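Me: I have a new model open and would like to learn how to read its strands and pockets. Could you walk me through it?

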Amino acid sequence: MKISIIGTGNVGSALERRLAAAGHTITTANSSTAHDRVAAQIAEAEVTVLAVPFPAVARLDPAIKAALRDKIVIDVTNPLAADFMSLTIGHTTSAGEQVAAALPGARVVKAFNTVFAATLDRPGLFLPVASDDEAARKTVLELGTQLGFDAVDAGPLANARYLEPAVELLIQLAYGQGMGAGIGLTLARA
């Protein structure tokens, strides 16, 4: 599969390595990549990973937003406060829903936001996947399974309202309580 990753920070870089190792063709872009080049990469990709800070979504160039129309967009953002110790939105909306609103026509899927960059190579971690687009959700579930995650259909995009606080709990445990970034979520089945 051809996958474009917008954002080359910790999460974007870790996903690039994992997806390339799984045999996918990856292109990347960051804030210094020309907007027309990013739009061209998106046009050639089947899936685009949006691995930027949540506030950066509102500042995406119109050409990039237009290129994302009708594309599967994996939203890995979380609406974190500047100190990472709280969320800036929640309960009645989510970053996932706001990303979908900012990218009209994009097939937004909330996934990989509950996994730290440091644990993206750890098999078996819980990977909830939420989207209003069933086919896009299925594609991302398959990608997650290929990467060794316990990929689980988490239902509609509105369920990102529950996924984003889960990662804030992980952040509190990892950094606030000193457990470190090597932690992750698992799903027990009775």
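**Strands first, then pockets**

Reply: Happy to! Strands β3 and β4 (residues 72-75) pair in the parallel sense, with four bridges between them. Keep in mind that this is a predicted model.

Me: Which residue of β4 is the bridge partner of Thr 48?

Reply: That partner is Val 73.

Me: And how many bridges join β1 to β3?

Reply: Four bridges link strand β1 (residues 2-6) with β3, and these two run parallel. Within this pairing, Ile 3 stands opposite Val 47 in β3.

Me: Which way do the side chains of β3 point?

Reply: Here is the general idea: in a regular strand, side chains alternate between the two faces of the sheet. In β3 (residues 47-50), Val 47 and Val 49 point one way, while Thr 48 and Leu 50 point the other way. All four are buried, with under 20% relative accessible area.

Me: Now the pockets. How much space lies in the largest pocket?

Reply: The largest pocket holds about 710 Å³ of space. It is lined by 26 residues, and the closest to its centre are Asn 10, Val 11, Asn 78, Leu 80 and Phe 84. Elements giving two or more residues to this lining are α1 (10-21), α3 (54-57) and α7 (160-176). By type, the lining has 19 nonpolar residues, seven polar and no charged.

Me: What about the second largest pocket?

Reply: That one has about 280 Å³ of space. Of its 15 lining residues, Ile 6, Asn 30, Ser 31, Val 52 and Leu 60 are the closest to its centre. Its lining divides into seven nonpolar residues, seven polar and one charged.

Methods:
Residues numbered from 1 in each chain as written. Predicted model: local features only at pLDDT ≥ 70, side-chain atom pairs only at ≥ 80, totals over all residues. Heavy atoms only, no water. 1 Å grid on protein atoms, 1.4 Å probe; cavity = no way out; pocket = protein on both sides within 12 Å on 5 of 7 lines; lining within 4 Å. Points joined across faces, edges and corners; volume = space filled by probe spheres on them. Nonpolar A, V, L, I, M, F, W, Y, C, P; charged D, E, K, R; others polar. Buried < 20%, exposed > 50% of the residue type's maximum accessible area, 1.4 Å probe, protein only. Pairing = 2+ DSSP bridges.
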